[in-house]
Amino acid sequence: MDTGILILRLLVGLLVAGHGVQKISSHLGGKGLEGGTEEFRADGFRGGALTALAAGGGQIGSGLLLAAGLLTPLAATGTVGVMTVALTVKRHNGLWVQNDGYEYPLVLIGTAVALAATGPGAWSADAALGLTPYPLWWAALALAAGLGSGLLARLVLHRAPATPAIAQR
């Protein structure tokens, strides 16, 4: 079981961190901070470079913590938060990724919460530091706090769509 959890942590954590690197640099196929800023503006977010830095930094930090199995409930909360924002951006495209849907963010949210529920396993920084096992309620807290922070970020940073002017008769 610990081997499976380790593989899952490394895969998901490093993918989330890599996604953050793409937001703020030209590494891993990213378009630099300017490209990350433009991506957020195109998706209707305000804040410019600061928004891209916050999102990229959140993804890098939570992804690396998840991969290391360090402070796993906090790492899961961060992953759920940033992926909730991504899910809200893609939700109008439906579920499936081939239509640019929210399938991938949903899988990452579910995996992060599952890791918070199972714990990071014996081969983790949490285990080495004696922080495990975490009580199961940490998983519920990670889900609630992650969803709440992601939805709050969306509410605060997303511009309302322009309303068409009412035609005069």
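Mentor: Helices here are DSSP runs of H or I with at least four residues, numbered from the N terminus. This is a predicted model, in which local features need pLDDT of at least 70, side-chain atom pairs count only at pLDDT 80 or more, and totals for chains, interfaces and linings use all residues. Residues are numbered from 1 along each chain as its sequence is written, and side-chain values use heavy atoms, with hydrogens and water left out.

Trainee: What span does helix α3 reach from its first C-alpha to its last?

Mentor: The expected span of a helix is 1.5 Å times one less than its number of residues. Helix α3 covers residues 48–68, 21 in number, and reaches 30 Å, close to the expected 30 Å.

Trainee: Which residues of α3 are buried?

Mentor: Buried means under 20% relative accessible area, exposed over 50%, and partly exposed in between (1.4 Å probe, protein chains only). The buried ones in α3 are Gly48, Thr51, Ala52, Ala55, Gly56, Gln59, Ser62, Gly63, Leu66 and Ala67. Seen down the axis of α3, they fall within an arc of 145° (taken from the directions from the axis to the C-beta atoms), so they line one face of the helix. Leu50 and Ala54, on the other side of α3, are exposed.

Trainee: Which helices do the buried residues of α3 pack against?

Mentor: Contact means heavy atoms within 4.5 Å. The partners are α1 (2–24), α2 (32–42), α4 (72–90), α5 (103–118) and α7 (137–157).

Trainee: Where is phi positive in a residue other than glycine?

Mentor: Leu28 has phi near 55° and is found in the loop between α1 and α2. Leu28 counts as exposed because its relative accessibility is 58%. Asp100 has phi near 60° and lies in the loop between α4 and α5. At 41% relative accessibility, Asp100 counts as partly exposed. As for glycine, Gly69, just after α3, has a positive phi of about 70°.

Trainee: Which peptide bond is cis?

Mentor: The bond from Thr132 to Pro133 is cis, with omega near 0°. Pro133 sits in the loop between α6 (125–128) and α7.

Trainee: Which helix gives the most to the lining of the largest pocket?

Mentor: On a 1 Å grid over the protein atoms alone, a pocket is an open set of points where a 1.4 Å probe fits, with protein on both sides within 12 Å along at least five of seven lines; lining residues have an atom within 4 Å of a point. Helix α4 gives the most, with 9 residues. At least two lining residues come from each of α1, α2, α3, α4, α5 and α7.

Trainee: Which lining residues are the closest to the centre of the largest pocket?

Mentor: Of the 31 that line the largest pocket, the closest are Lys23, Gln59, Val82, Val85 and Ala86. Gln59 is also one of the buried residues of α3.
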